[in-house]
Amino acid sequence: KMAKQLRTVLLIDDSENDNFLHRLTLEKSGLFEKIIDFEDAREALQMLQDQDENRIDLIFLDINMPVMDGFGFMEEYEKLPKEKRAGCVIVFLTSSDYGPDRERASQFESVSGYQTKPLVQPSLEQVLEKHFPNSRV
């Protein structure tokens with residue numbers, strides 16, 4: 001049956017290289033209409049605040065970023081009105097396999113997963129199978 005195409009995925013990572021590589025993996029899957037990347041988490045937050053209702057299906061979020069890190073982003077994200085968050089899947093995508101980071105990530109109600117970088121086809125497939133079972137890679 002036809003793959004369900006997801007609308008929009010956000011990549012939030014201060015590394016231009018990581019965003020570039022992760023974008024390639026996402027493009028290769030052919031499942032996303034739009035891939036938007038932000039090197040500054042505050043800009044991503046602003047975009048989410050400015051929308052009337054959530055138009056983002058999936059966010060991959062780095063933890064270690066200058067200015068606003070992934071945890072700071074999540075603290076602000078969880079204050080957004082429900083309609084701006086509805087149905088959005090957030091996965092931490094980080095180079096940190098540090099236990100306390102995982103632990104802290106799991107405290108956020110809106111966080112659905114934790115993946116270590118880089119985002120490669122198999123780890124993307126895992127996320128999609130778990131959260132978007134109707135989409136096919």
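**Group meeting talk: a walk through the model**

In helix α6, which covers residues 121–131, the buried residues include Ser 123, Leu 124, Val 127 and Leu 128. If you look down the axis of α6, those buried residues fall within an arc of 135°, so they line one face of the helix. On the other side of α6 you will find Pro 122, Gln 126, Glu 129 and Lys 130, which are exposed. Before I go further, I should say that what we are looking at is a predicted model, and I will try to keep my wording careful for that reason.

What do the buried residues of α6 pack against? They pack against β1, α1 and β2, and also against β3 (58–61), β4 (89–94) and β5. I would like to take some of those elements in turn, beginning with strands β1 and β2.

Strand β1, residues 6–12, and strand β2, residues 32–38, run parallel and are joined by six bridges. To give one example of the pairing, Ile 12 has Phe 38 as its bridge partner in β2. Taken together with the helix α1, these two strands make a β-α-β unit, and that unit is right-handed.

Helix α1 spans residues 16–29, and the residue in it that I want to point out is His 22. Is His 22 buried or exposed? Its relative accessibility is 2%, and because buried means under 20%, His 22 counts as buried. Leaving aside residues up to four places away in sequence, His 22 touches Leu 11, Leu 93, Lys 117, Pro 118 and Leu 119. With Leu 119 there is also a polar approach, since a polar atom of the His 22 side chain lies 3.1 Å from the backbone nitrogen of Leu 119. For a sense of distance, His 22 and Glu 53 are 31 residues apart in sequence, and their C-alpha atoms are 26 Å apart in space.

Two of the residues that His 22 touches, Lys 117 and Pro 118, deserve a second look, as the peptide bond that joins Lys 117 and Pro 118 is cis, with omega at about -5°. Pro 118 itself sits in the loop between β5 and α6, and that brings us back to the helix with which I began.

Let me turn now to helix α2, residues 41–50, where the buried residues are Ala 41, Ala 44, Leu 45 and Leu 48. Seen down the axis of α2, they fall within an arc of 100°, so here too the buried residues line one face of the helix. Among the elements that cover the buried residues of α2 are β1, β2, β3, α3 and α4, the last of these being residues 82–85.

The next topic is the aromatic residues. How many aromatic pairs does a search of the whole structure find? It finds four. One of them is formed by Phe 71 and Phe 108, which are stacked, at 6.2 Å centre to centre and with 15° between the planes. This pair links distant parts of the chain, for Phe 71 is in helix α3 (residues 70–77) while Phe 108 is in the loop between α5 and β5, 37 residues apart. Both Phe 71 and Phe 108 are buried, and together with Phe 92 and Tyr 114 they form one aromatic cluster.

The loop between α5 (99–105) and β5 (111–116) also holds Ser 106, and Ser 106, at 53% relative accessibility, counts as exposed. The C-alpha atom of Ser 106 is separated by 17 Å from that of Leu 58, and the two residues are 48 residues apart along the chain.

Another serine, Ser 96, lies in the loop between β4 and α5, and with a relative accessible area of 8%, Ser 96 is buried. A polar atom of the Ser 96 side chain lies 3.2 Å from the backbone nitrogen of Tyr 98. Residues up to four places away in sequence aside, Ser 96 touches Asn 64, Asp 101, Tyr 114 and Thr 116, and Tyr 114 is, as you will remember, part of the aromatic cluster.

I will end with a residue in the loop between β3 and α3, namely Val 67. Although Val 67 is not a glycine, its phi is positive, at about 65°. Val 67 is exposed, with a relative accessible area of 66%.

Notes
Residues are numbered from 1 along each chain as its sequence is written. This is a predicted model: local features need pLDDT of at least 70, side-chain atom pairs count only at pLDDT 80 or more; totals for chains, interfaces and linings use all residues. Side-chain values use heavy atoms; hydrogens and water are left out. Helices (H or I, at least four residues) and strands (E, at least two) are DSSP runs, numbered from the N terminus. Buried means under 20% relative accessible area, exposed over 50%, partly exposed in between (1.4 Å probe, protein chains only). Contact means heavy atoms within 4.5 Å. A polar contact is a pair of N or O atoms within 3.5 Å; within protein, one must be able to donate a hydrogen and the other to accept it, and residues adjacent in sequence count only if both atoms are side-chain atoms. Two strands pair if DSSP finds at least two bridges between them. A crossover is right-handed if, with the strands pointing away from the viewer, the path from the first strand over the helix to the second runs clockwise. Rings of Phe, Tyr and Trp (its six-membered ring) pair if their centres lie within 6.5 Å; planes under 30 degrees apart count as stacked, over 60 as edge-to-face and the rest as tilted. The arc is that of the directions from the helix axis to the C-beta atoms.
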